[in-house]
Amino acid sequence: AREAERLGYHSLWTAEAYGSDAVTPLVWLAAHTERINVGTAIMQMPARTPAMTAMTAATIDLLTGGRFMLGVGVSGPQVVEGWHGVVYGKLLTRTREYVEIVRTVLRREQPLEHHGEYYDIPVKGGTGLGKPLKLIVHPLRSNIPIYVAAIGPRNVALAAEIADGWLPVFFSPKRVSVFRNSLEEGFARRTDPKTLAEFD
């Protein structure tokens, strides 16, 4: 990590499957470096609530002085259902809701309230004591870059639509034209103006 930083590399990335998590080694690497960016590729969405992911992102970004890049993904059904005990479900819906909630938490513009297909916050049918809350720490950056890992054309289009970057897991140069079309489709649906040149 120190050598990569000395050589001017842009970033260090950590992963997780069903062994070590992505966050712990990333923070350790960040503590031993000063300038290089650090990112998760990926934090598994089914393993964490979006609010927990936002808290983690805000904390790491503060500790690193704004060097954190949040990479998230849905993982695969073997890990999601066989390890985390969560139904794999609809990838696009889960990803869209997840990223929206993380961004809401980090912006701190209002208390978190989200009622979707996967996330019901505050949850209905519980004790009735839950109420919308707002992150009590002020993030160093309210716009921590979010990268979405995606394989299929529809997931790649979603990454271009809602994320700051795409983690091209299992990328094949033979499918460049398919991915380019998916990226262009996603950019056409963006609510903020971002071009392929600005997308990581």
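In this predicted model, Arg-189 pairs up with Glu-185 in a salt bridge, with 2.9 Å between the closest N and O atoms. The two residues share helix α7, where they sit four residues apart, or about one turn of the helix. Glu-185 counts as partly exposed, because its relative accessibility comes to 42%, and that falls between the 20% and 50% cut-offs.

Arg-189 has a second partner as well. Its side chain also meets that of Glu-161 in a salt bridge, again with an N to O distance of 2.9 Å. This pair ties together distant parts of the chain: Arg-189 belongs to helix α7 (residues 176-189), Glu-161 belongs to helix α6 (residues 153-162), and 28 residues separate them. How buried or exposed are the two ends of this bridge? Arg-189 is at 37% relative accessibility, so this residue counts as partly exposed. Glu-161 is at just 14%, and because the cut-off for buried is under 20%, this residue counts as buried.

These contacts are part of something wider. Arg-96, Glu-161, Glu-185 and Arg-189 are joined up in a network of salt bridges. In total, the structure holds ten salt bridges.

Another of these bridges links Asp-192 with Arg-190, and here too the closest N and O atoms are 2.9 Å apart. Asp-192 has a relative accessible area of 34%, so this residue is partly exposed. Arg-190, on the other hand, has a relative accessible area of 11% and is therefore buried.

Next come the empty spaces inside the protein. Rolling a probe the size of a water molecule over the atoms is a way to show where such space is left. How many cavities of 30 Å³ or more turn up? The count comes to one. About 50 Å³ of space lies in the largest cavity. The elements giving two or more residues to its lining are α5 (91-107), β7 (146-149) and α6. Helix α6 is also where Glu-161 of the salt bridge with Arg-189 is found.

Which residues line the largest cavity? They are Val-74, Leu-92, Thr-95, Val-148, Ala-149, Ala-150, Asn-155 and Leu-158. Sorted by class, this lining has six nonpolar residues, two polar ones and no charged ones. Thr-95 and Asn-155 are the polar pair, because neither is among the residue types that count as nonpolar or charged.

Definitions and conventions
Residues are numbered from 1 along each chain as its sequence is written. This is a predicted model: local features need pLDDT of at least 70, side-chain atom pairs count only at pLDDT 80 or more; totals for chains, interfaces and linings use all residues. Side-chain values use heavy atoms; hydrogens and water are left out. A salt bridge is a side-chain nitrogen of Lys or Arg within 4 Å of a carboxyl oxygen of Asp or Glu. Buried means under 20% relative accessible area, exposed over 50%, partly exposed in between (1.4 Å probe, protein chains only). On a 1 Å grid over the protein atoms alone, a cavity is a set of points where a 1.4 Å probe fits but cannot get out, and a pocket is an open set with protein on both sides within 12 Å along at least five of seven lines; lining residues have an atom within 4 Å of a point. Grid points are joined across faces, edges and corners, and a volume is the space filled by probe spheres set on the points.
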